[in-house]
Amino acid sequence: MRAEAPLGLTSPDNSGRPKIEKDVWFLLFAVGTAFMASRYDFQLSTLALPQFQKAIGYDDQTSV
């Protein structure tokens, strides 16, 4: 048995698969971009952490 898509969401050129609306593509793009930016920001902060520790005089021996 084949699952049917809701009325108005299929087009004849895509084999009956549901059509993804432009606003859904935009939302996917916006969320993906925000996720990538947050991961980039986190990575930069972890790379700079040793320099921050050195600047304020906090070494690994202090944290033990």
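**One helix, checked against the definitions**

User: How do you know that the span of helix 1 agrees with its 35 residues?
Analyst: In this predicted model, 35 residues at 1.5 Å each should span 51 Å, and the end C-alpha atoms of helix 1 are 50 Å apart, so the two agree. The expected span takes one less than the number of residues.

User: What makes Ile20 partly exposed?
Analyst: Its relative accessible area is 44%. Buried would need under 20% and exposed over 50%, so Ile20 counts as partly exposed. Ile20 sits in the segment before helix 1 (22–56).

User: Why can Ile20 belong to a surface patch?
Analyst: Patch residues need over 30% relative accessible area, and Ile20 has 44%, so Ile20 clears that cut-off. Ile20, Val24, Trp25 and Leu28 make a nonpolar patch of about 410 Å².

User: Where is the kink in helix 1?
Analyst: At Ala48, shortly before the proline Pro50, with a bend of about 40°. After the helix comes Gly57, whose phi is positive, near 80°.

User: How many helices and strands does the chain have, and what share of its residues is buried?
Analyst: One helix and zero strands; buried residues make up 3% of the 64.

Methods: Residues are numbered from 1 along each chain as its sequence is written. This is a predicted model: local features need pLDDT of at least 70, side-chain atom pairs count only at pLDDT 80 or more; totals for chains, interfaces and linings use all residues. Side-chain values use heavy atoms; hydrogens and water are left out. Patches are made of residues with over 30% relative accessible area and no salt bridge: like charges are joined within 9 Å, nonpolar side chains (Val, Leu, Ile, Met, Phe, Trp, Tyr) within 5 Å. Accessible areas come from the Shrake-Rupley method with a 1.4 Å probe; for residues, only the protein chains shown count as cover. A salt bridge is a side-chain nitrogen of Lys or Arg within 4 Å of a carboxyl oxygen of Asp or Glu. Helices (H or I, at least four residues) and strands (E, at least two) are DSSP runs, numbered from the N terminus. Buried means under 20% relative accessible area, exposed over 50%, partly exposed in between (1.4 Å probe, protein chains only). The bend at a residue is the angle between axes fitted to the seven residues ending there and the seven starting there.
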